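Please open the model in your viewer and keep a selection panel at hand, since each stop on this tour begins with something to select.

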Amino acid sequence: MAASLGAIHAATAAKATTELRSNEDKSRILNAHHETRSLIIAANLEPPVASHVMTGPATRIAVLISGEGSNLQALIDAAQAERLGADIVAVVSNRSAARGLERARAAGIAALHLAAVRGQERSEYDAALAALLAPLDPQLLVLAGFMRILGPRFIKQFAGRMLNIHPSLLPKYPGLDTHRRVLEAQDEWHGATVHFVTEELDAGPAILQYRLRVRPGDTPESLARRVHVGEHIILPHAASWFAAGRLRLVEGSVMLDGRALLAPVSIDEEGDST
Ligand code: GAR
């Protein structure tokens with residue numbers, strides 16, 4: 001169904017339709033700020049044309065977490081509401097106390113803990129992770145607050161099949177402590193990014209961003225809360241695009257519905273359209 005989009009900053013805005021459908025989405029504004037033809041296409045979130053689908057749809061998703069798992073919960077909710085178009089076949093955490101493991105169990109999803117062993121090389125952990133995942137045969141890995149760095153071999157194995165969510169408007173602020181850094185830099189805008197994972201930390205090609213305007217009085221905590229709201233929208237969305245065969249990484253470029261994105265699709269927090 002077509003939802004109210006508010007402002008779409010693109011020449012063909014009037015024609016834009018979208019599959020964004022819940023109440024949450026209705027109140028959002030989809031902004032294609034970067035006036036490229038690619039983004040105009042991206043804003044037209046229509047079902048894929050068959051010829052654009054380069055491989056079969058992904059149906060098996062494994063999610064890697066380290067902590068709270070609120071983004072995992074958003075994926076679970078989307079799957080249960082049949083908005084994901086995929087099954088979450090397992091959740092793996094490097095921390096046994098991760099609340100996300102409980103969330104997985106509560107949803108009837110295999111909840112696996114893979115601890116790092118003291119003195120272990122990164123590549124050994126990665127190999128153990130790959131071995132754990134192999135029988136599950138996931139077509140997509142989603143890093144949803146997975147706070148370990150993965151090595152080049154693992155990343156190569158899942159090249160083009162691994163998404164990460166990061167709490168900043170990449171390429172700004174890869175790494176930790178993004179909310180504090182945004183405040184220190186007195187940035188006007190902050191947000192979150194879903195991107196394909198490449199060997200460079202938090203720097204793979206960006207797919208979808210949620211943007212919010214920093215308000216006077218914002219703290220790292222208030223920004224974390226606001227960013228989380230957006231993360232819970234964009235992560236299931238990007239995963240659903242991948243599962244539907246609409247989203248691919250081809251020679252380093254993000255392809256959505258067969259067209260290269262020259263900049264990420266961007267959704268603004270309600271009231272923050274420019
Ligand atoms: C999220 O804010 C996610 O963007 C961040 O960890 C948080 C996990 O929250 N990921 C990174 O910083 C990766 N560089 P959650 O456990 O509630 O989903």
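Begin by selecting α3 together with helix α4, residues 99-106, and look along the pair: in this predicted model, α3 passes α4 in a right-handed crossing. The axes of the two helices come within 9 Å and cross at roughly 15°, and because angles under 35 degrees count as roughly parallel, α3 and α4 are described as roughly parallel to each other. To see where they touch, show the side chains of S70, L72, Q73 and I76 on α3 and of G100, R103 and A104 on α4, which make the contact. Coloured by class, the contact of α3 with α4 has three nonpolar, three polar and one charged residues.

Keep α3 selected, and replace α4 with α8, which spans residues 220-243. Here, too, α3 passes its partner, α8, in a right-handed crossing, and these two helices pack at an angle of about 50°, with their axes 9 Å apart. α3 and α8 are therefore oblique to each other. The residues to display for this contact are S70, N71, A74, L75 and A78 from α3, and H228, E231, H232, L235, P236 and A239 from α8. By class, the residues in the contact of α3 with α8 divide into six nonpolar, four polar and one charged.

Next, hide the helix contacts and turn to the largest pocket, in which about 780 Å³ of space lies. Centre the view on G145, F146, M147, I165 and P167, which are the closest to the centre of the pocket among the 36 residues that line it. Then bring back the elements that give two or more residues to this lining, namely α3 (70-80), β6 (162-166), α7 (178-184) and α8 (220-243). Which element gives the largest share of the lining of the largest pocket? That share, four residues, comes from α8. If you colour the whole lining of the largest pocket by class, it divides into 15 nonpolar, 14 polar and seven charged residues.

The last two stops concern the backbone, and it helps to recall that most residues other than glycine have a negative phi, and that most peptide bonds are trans. Select L170 and P171, and inspect the peptide bond from L170 to P171, which is cis, with omega near 15°. P171 is found in the loop between β6 and α7. Finally, move to E82, which is placed in the loop between α3 and β3 (87-93). Although E82 is not a glycine, it has a positive phi of about 60°.

Note on methods: Residues are numbered from 1 along each chain as its sequence is written. This is a predicted model: local features need pLDDT of at least 70, side-chain atom pairs count only at pLDDT 80 or more; totals for chains, interfaces and linings use all residues. Side-chain values use heavy atoms; hydrogens and water are left out. On a 1 Å grid over the protein atoms alone, a cavity is a set of points where a 1.4 Å probe fits but cannot get out, and a pocket is an open set with protein on both sides within 12 Å along at least five of seven lines; lining residues have an atom within 4 Å of a point. Grid points are joined across faces, edges and corners, and a volume is the space filled by probe spheres set on the points. Ala, Val, Leu, Ile, Met, Phe, Trp, Tyr, Cys and Pro count as nonpolar, Asp, Glu, Lys and Arg as charged, and the others, Gly among them, as polar. Axes are lines fitted to C-alpha atoms, for helices over the stretch in contact, and angles run from 0 to 180 degrees between N-to-C directions. Angles under 35 degrees count as roughly parallel, over 145 as roughly antiparallel, 65 to 115 as roughly perpendicular and the rest as oblique. A crossing is left-handed if the near helix is turned anticlockwise from the far one by less than a right angle, and right-handed if clockwise. Contact means heavy atoms within 4.5 Å.
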